[in-house]
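Here are a few exercises to work through with the model open beside you. Try each task before reading its solution.

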Amino acid sequence: MNIDGKTRTLGVIGNPIEHTVSPVIHNNLANITGDNFCYLPFKVEESNVKAAIEGAYALGILGLNVTVPHKSAVIPYLKDIDPLAKRIGAVNTLVSCDGGYKGYNTDMPGLLRAMRSDGIEVKDKEVIVLGAGGVARAVAILLSDSGAKHIYILNRTISKAKAIADEIIKDKGEIVTAMELSDYSKLSGNDYICIQATNVGMYPNTDCAVIDDNAFYDKITKGYDIVYNPLETKFMKLCKEASAESFHGLKMLLYQGIIAYEYWSGKSISDDDALKVYAKMLESMGKT
Ligand code: NAP
């Protein structure tokens, strides 16, 4: 990387930020494409979100990623917001525009692109979503937009699952069912795609899964965990034991970054180049 007077700065704001893999994604992409970009992590306290965005714009920062806990907090300080990000209520990418930043959500298109790259197609499929937090809500919206046949949202707190289901039903009809986590035995059939969208099983609590019963995993043919630390979660192990294919969330992280980079650079990143960056991510995590 040759930093000179023409280098454009990119970065990520969040708190904490020390664990971020995003600099590996974007600095490698800049290397591959030859763009004169430099991507840095910025720790931003909750009380400084407005100042950080205004300051970034004043400094001419080309674009920012936004991570936990600022994905909703940034919205009031944007010049413009993409309709999908507005509907999801969370922004993870800021792109410099006239007078400020425009906010996008690339997490969900990233998940879809990751699933496609892993050969998973949700159209006309019955899909189980585990969880009803911010990510699960966005996943359920994405599934309803992508032609899933039926979506079952299973959550510990049923009221949160119902709120998401009601919101989607208003728009798309009766294609969603909200259920208690413990009601999985009521699901008939054995060809479900299951998306694990809770933080259960994430490091350091790696020996947990939201559902432990093997009978649940017998219903699943493909299990997708959005958690990527560890790269093999308990959920994935249980899927494998039931002969279901299982995937971790690192490719979702890769593709949310690829889509953000495409906004910033105006270039399309090929799958071959995406996979080169993926290898660098694994290397940075000591997983080669
Ligand atoms: P959130 O809003 O806090 O929601 C957490 C969800 O987990 C809720 O449904 C909660 O159930 C459930 N949960 C938590 N502890 C549980 C337990 N012990 N038993 C059963 N359910 C439990 O979190 P979020 O923002 O949706 O984020 C979820 C995960 O997505 C995080 O781990 C994050 O790292 C990951 N993520 C990954 C990517 C990627 O690129 N791969 C991108 C974004 C986020 P209740 O409603 O009952 O509390």
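**Exercise 1. Find where Leu78 sits, decide whether it is buried or exposed, and list its contacts.**

Step 1: Leu78 belongs to the loop between strand E3 (63–66) and strand E4 (80–81); helices (H or I, at least four residues) and strands (E, at least two) are DSSP runs, numbered from the N terminus. A word on the ground rules: this is a predicted model, in which local features need pLDDT of at least 70 and side-chain atom pairs count only at pLDDT 80 or more, while totals for chains, interfaces and linings use all residues. Residues are numbered from 1 along each chain as its sequence is written, and side-chain values use heavy atoms, leaving out hydrogens and water.

Step 2: With a relative accessible area of 14%, Leu78 is buried (buried is under 20%, exposed over 50%, partly exposed in between; 1.4 Å probe, protein chains only).

Step 3: Setting aside residues up to four places away in sequence, Leu78 touches Val91, Leu94, Tyr101 and Gly103, where contact means heavy atoms within 4.5 Å.

Step 4: Ile53 is 25 residues from Leu78 in sequence, and their C-alpha atoms are 8.3 Å apart.

**Exercise 2. Describe the surroundings of Ser144.**

Step 1: Ser144 is part of helix H5 (residues 134–145) and is buried, at 7% relative accessible area.

Step 2: A polar atom of the Ser144 side chain lies 2.7 Å from the backbone oxygen of Ile141.

Step 3: Beyond neighbours within four places in sequence, Ser144 is in contact with Arg87, Ile151, Ile168, Lys172 and Ile175.

**Exercise 3. Work out which parts of the chain the salt bridges of Lys50, Asp107 and Asp212 connect.**

Step 1: The whole structure holds 16 salt bridges, each a side-chain nitrogen of Lys or Arg within 4 Å of a carboxyl oxygen of Asp or Glu.

Step 2: Lys50 pairs with Glu54, with the closest N and O atoms 3.3 Å apart. Both lie in helix H2 (residues 49–58), 4 residues apart, so about one helical turn separates them.

Step 3: Asp107 and Lys71 form a salt bridge at 2.7 Å, N to O. Because Asp107 is in helix H4 (residues 107–117) and Lys71 in the loop between E3 and E4, the pair ties together parts 36 residues apart in sequence. Asp107 is buried at 12% relative accessibility, whereas Lys71 is partly exposed at 21%.

Step 4: Asp212 bridges to Lys234, the closest N and O atoms being 3.1 Å apart. Asp212 lies in the loop between strand E10 (192–196) and helix H7 (214–217) and Lys234 in helix H8 (residues 234–241), so this pair ties together parts 22 residues apart in sequence.

Technical notes
A polar contact is a pair of N or O atoms within 3.5 Å; within protein, one must be able to donate a hydrogen and the other to accept it, and residues adjacent in sequence count only if both atoms are side-chain atoms.
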